[in-house]
Amino acid sequence: MESRIVHPARPLRGEIVIPGDKSISHRSIMIGSLAEGETTVHGFLHGEDNHATLKAFRAMGVEIEELAGGVLKIRGRGLDGLTEPGDVLDCGNSGTTIRLMTGLLAGQRFFSVLTGDRYLRKRPMKRVTGPLVSMGARIWGRGGGDLAPLALQGTPLHPIDYASPIASAQVKSALLLAGLYAEGTTTVREPHLSRDHSERMLTAFGAELRPFAGGVSLTGRPRLRGQEIRVPGDISSAAFFLVAALVVPGSELLVKNVGLNPSRSGVIDILRAMGGSLELVDERQAGGEPVADIVVKSSRLKGIEISGELVPRAIDELPVVSIAAALAEGTTTIRDARELRVKETDRIAAMIGVLTALGVSAQPRDDGMVVHGSDGLRGGTIDSCGDHRIAMSTAIAALRATAPVTITDTACTATSFPNFWELLDKIKT
Ligand code: S3P
């Protein structure tokens with residue numbers, strides 16, 4: 001099993017370019033495959049999660065060419081052009097792949113089976129299979145349809161108006177993708193806005209979407225047309241380096257190509273509220289999404305309260321935010337983040353384990369955690385639990401430890417950020 005030893009760091013300096021957004025990369029393949037004509041994707045993220053999506057669409061007859069420089073050419077087959085896969089579709093570790101594809105496959109004219117690794121096979125699927133069944137979908141899974149492997153017999157679907165109890169882009173997107181196959185209007189409501197990449201991309205491809213306060217509606221059976229997509233850098237990946245520069249004294253980093261979609265940029269608001277110096281430069285648009293470079297300088301951080309609408313806008317960044325909190329003055333409380341319990345691992349339990357092992361006083365809550373800031377962390381050995389964001393958050397904490405930190409099971413970082421370790425080495429002085 002791969003492990004890494006991370007040593008305490010001197011000031012971090014230099015510039016890094018953040019690789020493509022994972023969520024947008026998944027959607028580019030899915031929507032590009034359902035469009036008519038060619039879709040070119042620039043800046044596609046070549047991570048393991050996105051490759052699971054790519055392989056699944058190839059297995060359904062879609063020609064996808066990988067060109068130099070992270071460019072993909074997808075020869076779209078139209079809404080009804082996918083073919084029955086000859087084998088089970090393996091989604092690996094990727095929740096976005098399995099949940100969005102469950103929606104997309106429910107309305108096909110063929111049978112398919114979706115599965116994943118041992119972590120994914122423990123994650124709840126009822127949140128998508130439940131509403132899909134009420135659209136007429138025929139889906140079977142372990143645990144009464146809650147756990148993969150999931151078997152789907154494609155069938156005609158009817159539209160629904162669904163109020164999701166959780167703010168989840170995977171739920172919303174699965175239902176919108178299913179709604180493409182239902183005649184009429186499919187509506188999804190959510191308690192807070194979750195990331196809206198599906199809505200933006202479907203609109204760019206020619207679908208009719210109507211966002212409103214608290215939800216979005218889509219008209220079924222649109223004609224989607226191939227597009228040129230520029231994938232911005234993933235703010236969830238940038239977050240590790242933003243926190244690193246904030247907490248290592250004397251640091252200054254230029255973090256380039258950061259996607260700043262407002263439904264994703266909660267981490268910027270959180271780190272600024274904690275007192276972090278983050279300056280946006282060269283603000284621009286790429287592929288219908290706002291993008292900027294960020295100059296980040298080490299700062300004295302203070303504890304804050306994080307809850308409500310901020311949580312879905314920063315959900316994947318909360319593990320590394322807890323590291324910032326551990327090195328801040330005062331107490332940070334995270335609430336309304338129960339969803340962290342059903343990510344790649346239980347991220348509340350995992351981060352409490354990391355923080356405690358590094359000498360920080362931190363207590364779990366049912367829906368979050370309380371972290372008491374300290375001056376520095378101690379070294380030790382930490383297991384990533386097979387979760388990429390736990391491994392990378394621990395690596396950032398290790399930069400401020402008084403002794404080396406050994407992180408075990410680190411190969412998982414390749415799911416979302418294949419060159420993370422290389423970039424981390426590059427900025428150490
Ligand atoms: C994602 C949505 C979020 C996020 C995940 C990616 C997406 O999950 O945590 O990493 O691409 O739609 P939920 O929908 O479960 O909140």
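How far apart are the mean positions of the positive and negative charges of the chain? They are 1 Å apart, taken over 48 positive and 48 negative charges. Please keep in mind that this is a predicted model.

## Overall shape

Let's start with the whole chain. Its secondary structure comes to 13 helices and 23 strands. The radius of gyration is 21 Å, close to the 22 Å that the globule rule gives for 429 residues, so the chain is as compact as a globular protein of that length. If you lay the C-alpha trace along its principal axes, it spans about 60 × 45 × 40 Å.

Inside and outside can be described too. Of the 429 residues, 60% are buried. The chain exposes about 15,100 Å², and carbon and sulfur atoms supply 51% of that area. Among contacts with a separation of 6 or more, 75% are made by residues 24 or more positions apart.

## Two domains

The chain is divided into two domains, each written as two segments: domain 1 covers 3-20 + 232-428, and domain 2 covers 22-215 + 224-230. Their C-alpha centres lie 28 Å apart. Where they meet, 31 residues of domain 1 are in contact with 24 residues of domain 2.

## A look at helix H4

Now for a closer view. Helix H4 runs through residues 126-134, and its buried residues are Arg 127, Val 128, Thr 129, Pro 131 and Leu 132. What do these buried residues of H4 pack against? Their partners include three helices, H3 (95-106), H5 (142-145) and H6 (169-179). The strands S8 (138-141), S9 (147-153) and S10 (161-163) are partners as well.

Just after H4 comes Gly 136, where phi is positive, at about 105°.

## Val 354 in helix H11

Another spot to visit is Val 354, which is found in helix H11 (residues 347-357). Is Val 354 buried or exposed? With a relative accessible area of 2%, Val 354 counts as buried, because that value falls under the 20% cut-off.

Which residues does Val 354 touch, leaving aside its neighbours within four places in sequence? Val 354 is in contact with Ile 382, Ile 390 and Thr 394. You can also locate Val 354 relative to Ala 391: the two are 37 residues apart in sequence, and their C-alpha atoms are 9.7 Å apart in space.

Notes: Residues numbered from 1 in each chain as written. Predicted model: local features only at pLDDT ≥ 70, side-chain atom pairs only at ≥ 80, totals over all residues. Heavy atoms only, no water. Helix = DSSP H or I, 4+ residues; strand = E, 2+ residues; numbered from the N terminus. Rg over C-alpha atoms; globule rule 2.2 N^0.38 Å. Buried < 20%, exposed > 50% of the residue type's maximum accessible area, 1.4 Å probe, protein only. Contact = heavy atoms within 4.5 Å. Areas by Shrake-Rupley, 256 points an atom, 1.4 Å probe, with all protein chains shown as cover. Lys, Arg positive; Asp, Glu negative; His and termini not counted. Charge placed at Lys NZ, Arg CZ, Asp CG, Glu CD. Domains from an automatic or database assignment.
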